[in-house]
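Visitor: Hi, I'm new to this one. Could you walk me through it?

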Amino acid sequence: MQIKHLFSLSTLALSLLLPAALCAQLSNQSVRLNDDWKFHQGDLDSGAAAKWDDDNWRPVNLPHDWSVEAPLSPTLASATGYLPGGIGWYMKQLHIPADKEGKQVYIYFEGVYNNSEVFVNGHLVGKRPNGYVSFQYDLTPYVNFGTENTIAVKVDHSRYADSRWYTGSGIYRNVYVTYANPVHIDLWGISYAAKDVKTDMALLDVEAKVKNTTDAPAEVTVVQELFQRGSSKPVAKVQKRQQVAAKSVAAIAQEMRVPSPSLWSVNNPNLYTLQTTIVRQGNTIDEMATTVGIRTLTFDANKGFALNGEWMKLKGVCIHHDAGVLGAAVPRQVWQRRLKNLKMLGCNAVRMSHNPQAPDVYDLCDELGLLVMDEAFDEWRHPKRKWIEGWNVGTPGFDGYAPNFEEWGETDLRDMVLRDKNHPSIILWSIGNEVDYPNDPYSHPVLDGATIGQKVYGGYQPDRPDAMELGDIAKRLVTVVKEHDTSRRVTAALAGVVMSNYTGYPDALDVAGYNYTENRYEEDHRTYPERIIYGSENRHDLNAWKAVRDNDYIFGQFLWTGIDYLGESGRWPSRGFYSGLLDFGGFIKPRGYYRQSLWAEDPMVYIGTYPLRHRGRQQTSIDAWPIWNYAEGDTVRVVSYTNCADVQLVLNGTQLGTPPSFDEETGVYYWDIPYRAGKLEAIGLNEGAEAARYAIHTSNRPYQLTASADRSVLSADRDVAHITIGVTDENGIPVMISDDKITVEIEGPARLLGLEGSNNSDMSDYTDNVHNAYHGRLLAYIETTREPGTVTVRLSSPWLKPVELNLDVQ
C-alpha cells in the first residue's frame with residue numbers, strides 16, 4: 001500500500017506591529033499583549049470584578065510560568081518535577097483607543113495551563129480546560145472604547161499532578177489583541193494545498209475564509225500573491241470577487257500556478273510568502289502573510305517514507321515543552337539554539353510529545369528543515385497513572401485531561417489541525433500517545449500470559465476499561481482530522497501493539513507508530529503487509545537504530561528523548577528525565593555525540609572516558625564525558641564515537657600502538673589504557689586520511705571564569721542571549737570536574753531569566769542569581785528590557801578570577 005499527498009504551508013503575520021515570525025494566522029492588525037500584567041497567586045472571591053484593588057499584585061511580563069518559580073520539594077509530585085501548581089490570576093489594564101470603535105476586538109492566547117477563564121470588564125468571555133491549545137475570544141460586546149478595560153484571566157492548576165511530566169502553570173505563551181474591520185480574514189483562515197507538483201509547475205489550491213460580522217452581505221475581492229523569500233516580485237497571482245453573506249464566514253477558493261517551484265526539504269527548506277489582501281469598495285480591509293513550503297510526501301508499507309520522491313529515514317527525537325530553569329515559558333531564541341544543536345547531530349525529525357507546542361517551535365522547524373509529527377493527546381476517555389512519590393513506584397494519582405475529553409477532545413484536536421496545518425514541516429498528525437498502554441488504563445483478554453516487548457503486564461484485568469473501544473474512538477478522531485486536512489496521514493504512538501492488534505485501533509490509522517517494540521516489526525510487517533510502520537518512541541541503543549536502518553519498510557524512529565526535561569522524575573533528588581541528547585541547558589551530552597556518529601553525514605569523532613572497574617568483556621558506555629583527570633597509573637577506558645572508517649588514539653603526541661577494540665553491541669571503539677596526564681586526541685580516518693579530530697586535556701585546579709555570548713548585539717525588544725560560563729585552569733583548559741558556585745550580576749537594560757547548570761540532582765534554588773557549575777559549566781539566559789544601551793554581565797566565584805562581558809542592545 002502506498003499513500004501519497006502533496007502539501008504547502010505555514011502562516012506568518014506581515015506587520016510592523018508584530019515580530020516577523022508570528023504564526024497562528026493572525027491579522028496584521030494584531031498587537032502582542034505580553035507586557036505590564038499583574039499577577040496574584042491564589043484564588044479570589046471577587047476575581048471577576050470589573051475593577052480591582054491590585055496593590056498586592058506583582059508585576060509580570062508574559063509568557064509567565066509560576067510553578068518554576070517555586071521551591072522544589074520532596075513532598076510534591078515526582079510526575080511534575082517536585083514543583084507545585086495552584087490557582088493564579090492575571091490582570092491587565094488595556095487602553096482601547098476611541099478610533100478603534102466600529103472594529104472587532106479579539107484576544108488570542110497561544111496557550112494557558114490550564115483550566116483558564118477569561119474576563120473582560122467583569123464579563124466571562126470563555127473557558128478552556130486544555131492547557132496546550134491556542135484559542136481566541138471576541139471581546140467586542142464587552143469593551144469600552146477610548147478608555148481602560150480590565151482583562152482578567154483565572155488559571156486553575158490546583159489539581160497540579162495532572163500530567164506524567166512537568167506542565168508549568170500560567171499564561172506561559174504569547175497573547176495578542178486584534179483590531180479587525182467588521183469584514184476580515186477569519187482566525188486560521190488562510191490555507192492551501194498542492195494538488196500537483198512537477199519540476200516546471202506546481203498547482204496550489206489556496207483558500208481564504210472571510211468573516212462578515214455585519215447585518216448586511218459584503219462583496220469582497222480576495223487577492224493572493226506568492227513571493228519567493230527575499231524577492232519583491234510575485235511568482236504567481238490570483239484574485240476573486242465574492243459576496244459574503246451577513247453574519248457568516250465564506251471560504252473563497254482559487255487555483256494558483258507556481259512555475260518551477262523550489263521545493264521545501266530537510267537540506268534545503270525553501271520557503272515562499274503568500275500575501276493575502278482583502279479589498280472592499282476599493283479599500284484594503286485586511287491583509288495576511290503566510291509562509292509557504294511546497295513538498296510531496298509518500299508513505300509506503302514496503303519502502304517507507306519519501307520526501308519529494310526521495311526515500312529517506314526519519315532520524316527523530318521526542319521533545320517536551322519546558323526548558324529547565326525557564327519552565328514552560330520558553331523564548332523563541334532558546335528553541336532556535338536547541339533545534340539547531342539537534343540538527344547538527346544529524347536529527348531531521350521532531351515529535352511534539354505529547355501535545356501541541358508553541359507556534360515558535362513549528363516556525364523554526366519550517367525554517368531549519370525539520371520534519372514534525374504533531375501530537376494532540378496523552379490520554380482519551382480514561383486517565384493514566386501519574387507517579388506522585390517517585391517514578392513508577394508508590395501510589396499513583398489519576399488527575400488529567402480525561403474528564404474533559406468527551407466535551408472538548410474533538411474541539412481541541414480540530415483547533416490543533418486548523419492552527420498548525422500550514423506548516424511544511426508537519427508530515428503526520430498524531431491523535432494519541434500510549435492510550436493503549438496495557439492495563440493503564442485499557443485491558444483485554446489477550447494480556448493473560450502475554451509478554452509485550454520485554455514487559456509482563458499482569459494479565460487481563462476485566463475491571464479496567466475495555467480495549468475494544470480504542471478503535472471506535474480512533475475512528476472518530478481520524479474523521480475530525482480529515483475533515484480539516486486531507487494532505488497528511490494520521491498516526492498514533494501505540495504502546496501495546498500486541499493488545500491493540502486485537503482491536504480496530506491500528507486499522508483506523510493511516511500510519512502505525514510503535515513505541516519500544518522493535519521486536520514486533522518483522523512479524524507485524526508479515527502479518528499486516530499493508531500496514532505502514534515506524535518507531536514512534538525508541539531507546540538509544542544501537543539495535544533499535546539497526547531495526548530502522550536495515551529494514552526499508554521501517555521509515556524512522558523517534559528517540560526518547562531529544563532534550564532532558566522536567567518531570568517524570570525519579571526519587572528525590574531528581575528534577576526530571578535525563579535521557580536527552582541535549583541537557584536541560586541545550587548543550588550536547590556524550591550520548592548526543594554518540595547519536596551523531598550514527599546519524600550525521602559530515603565526518604566526526606569524539607572521545608570520552610571513565611575508570612575501568614574491572615577487566616574483561618563489558619558493554620561500552622554511550623555516556624562517557626570528556627574528562628582526562630585521574631590518578632597516575634589508573635586504568636581508564638577511553639571510548640570513541642565516530643562515523644569515520646577508522647580511529648587512532650594519540651596521547652601527548654604519540655600514537656597509541658594498540659589498535660582499538662570494537663563493541664558490536666554499541667558500535668563504539670574503545671581502549672583500556674593506563675592514565676598519564678596531558679593531551680589525549682582521537683583522529684578519525686577515512687581512506688587513511690584524517691577526516692576529524694577531537695582532543696581532551698588534563699586540567700589543573702580551577703583558576704578563572706570564562707564567558708561567551710551566542711550574540712553580542714541584541715534587539716531591545718525582549719531579545720534573549722545565551723551566556724556560557726566556564727571554569728578553567730590557569731592555562732585556559734576547562735575543568736570538567738568543577739562545581740564552583742558562580743554569581744551573575746547584570747548592569748544595563750537587561751535582566752537575568754535564569755541560570756541552568758543542567759544537573760538533574762541539583763534541587764537548589766533556581767530563582768536567584770547564584771548557582772553551581774556542573775561539568776565545569778553554567779548557562780545564563782539574559783533578556784533585554786526594551787531600552788537601548790550597553791549591558792554588562794559580571795561573573796564571580798570565590799577564589800576564582802572573575803570575568804565580565806558587554807552586550808550591545810539596539
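Guide: Here is a short tour of some sheets, loops, cysteines and cavities. This is a predicted model, where local features need pLDDT of at least 70, side-chain atom pairs count only at pLDDT 80 or more, and totals for chains, interfaces and linings use all residues. Residues are numbered from 1 along each chain as its sequence is written, and side-chain values use heavy atoms, with hydrogens and water left out.

Visitor: Cool, sheets first. What's the order of the three strands in the open sheet with S13?

Guide: The order is S13-S14-S17, with antiparallel pairing. Strands here are DSSP runs (E, at least two residues), numbered from the N terminus, and two of them pair if DSSP finds at least two bridges between them.

Visitor: Which strands stand at the edges?

Guide: Strand S13 (183-197) and strand S17 (248-259) do, each with a single partner strand, so one side of each has no neighbour in the sheet. Neighbouring strands of this sheet are turned by 20 degrees against each other on average, direction ignored. For that angle, axes are lines fitted to C-alpha atoms, and angles run from 0 to 180 degrees between N-to-C directions.

Visitor: How many bridges do S13 and S14 pair over?

Guide: Ten, in the antiparallel sense, with S14 covering residues 201-212. Ser-191 stands opposite Glu-207 in S14.

Visitor: And the four-strand open sheet, what's its order?

Guide: S3-S12-S7-S10, and the pairing is antiparallel. At its edges are strand S3 (30-32) and strand S10 (135-138); each has a single partner strand, so one side of each lacks a neighbour in the sheet. The average turn between neighbouring strands of this sheet is 25 degrees, direction ignored. Strand S7 (residues 104-109) and strand S12 (residues 175-180) run antiparallel and are joined by six bridges, and Tyr-108 stands opposite Tyr-176 in S12.

Visitor: Why is strand S15 largely enclosed?

Guide: Nine of the eleven residues of S15 (residues 218-228) are buried, so the rest of the structure largely encloses this strand. Buried means under 20% relative accessible area, exposed over 50%, partly exposed in between (1.4 Å probe, protein chains only).

Visitor: What does S15 pair with?

Guide: Ten bridges join S15 to strand S16 (residues 234-244), running antiparallel, and Val-223 stands opposite Gln-239 in S16. In the hairpin of S15 and S16 there are five residues between the strands, and Gly-230 takes a positive phi near 90 degrees. S15 also pairs with strand S18 (residues 272-280), antiparallel again, over eight bridges. The bridge partner of Val-222 in S18 is Ile-278.

Visitor: Switching to loops. Is Ser-569 buried or exposed?

Guide: Buried, at 0% relative accessibility. Ser-569 is in the loop between strand S33 (565-566) and strand S34 (576-577). Ser-569 and Ala-77 are 492 residues apart in sequence, but their C-alpha atoms are 8.8 Å apart in space.

Visitor: And where's Ile-622?

Guide: In the loop between strand S35 (605-611) and strand S36 (635-642). Ile-622 is buried too, with a relative accessible area of 13%. Its C-alpha is 6.5 Å from that of Pro-590, and the two residues are 32 apart along the chain.

Visitor: How many disulfides does the structure hold?

Guide: Zero, taking a disulfide as a pair of cysteine sulfur atoms within 2.5 Å. For Cys-347, the nearest cysteine sulfur is that of Cys-365, 8.7 Å away. Cys-347 is buried, with a relative accessible area of 2%, and Cys-644 counts as buried at 6%.

Visitor: Last topic: how many cavities of 30 Å³ or more are there?

Guide: Four. On a 1 Å grid over the protein atoms alone, a cavity is a set of points where a 1.4 Å probe fits but cannot get out, and lining residues have an atom within 4 Å of a point. Grid points are joined across faces, edges and corners, and a volume is the space filled by probe spheres set on the points.

Visitor: What's the volume of the largest cavity, and what lines it?

Guide: The volume is about 80 Å³, and the lining residues include Val-68, Leu-83, Arg-575 and Tyr-766. By class, the lining has eight nonpolar, two polar and two charged residues. Ala, Val, Leu, Ile, Met, Phe, Trp, Tyr, Cys and Pro count as nonpolar, Asp, Glu, Lys and Arg as charged, and the others, Gly among them, as polar.

Visitor: Which strand gives the most to the lining of the second largest cavity?

Guide: Strand S49 (residues 777-784), with three residues. The second largest cavity has a volume of about 70 Å³.

Conventions: 1 Å grid on protein atoms, 1.4 Å probe; cavity = no way out; pocket = protein on both sides within 12 Å on 5 of 7 lines; lining within 4 Å.
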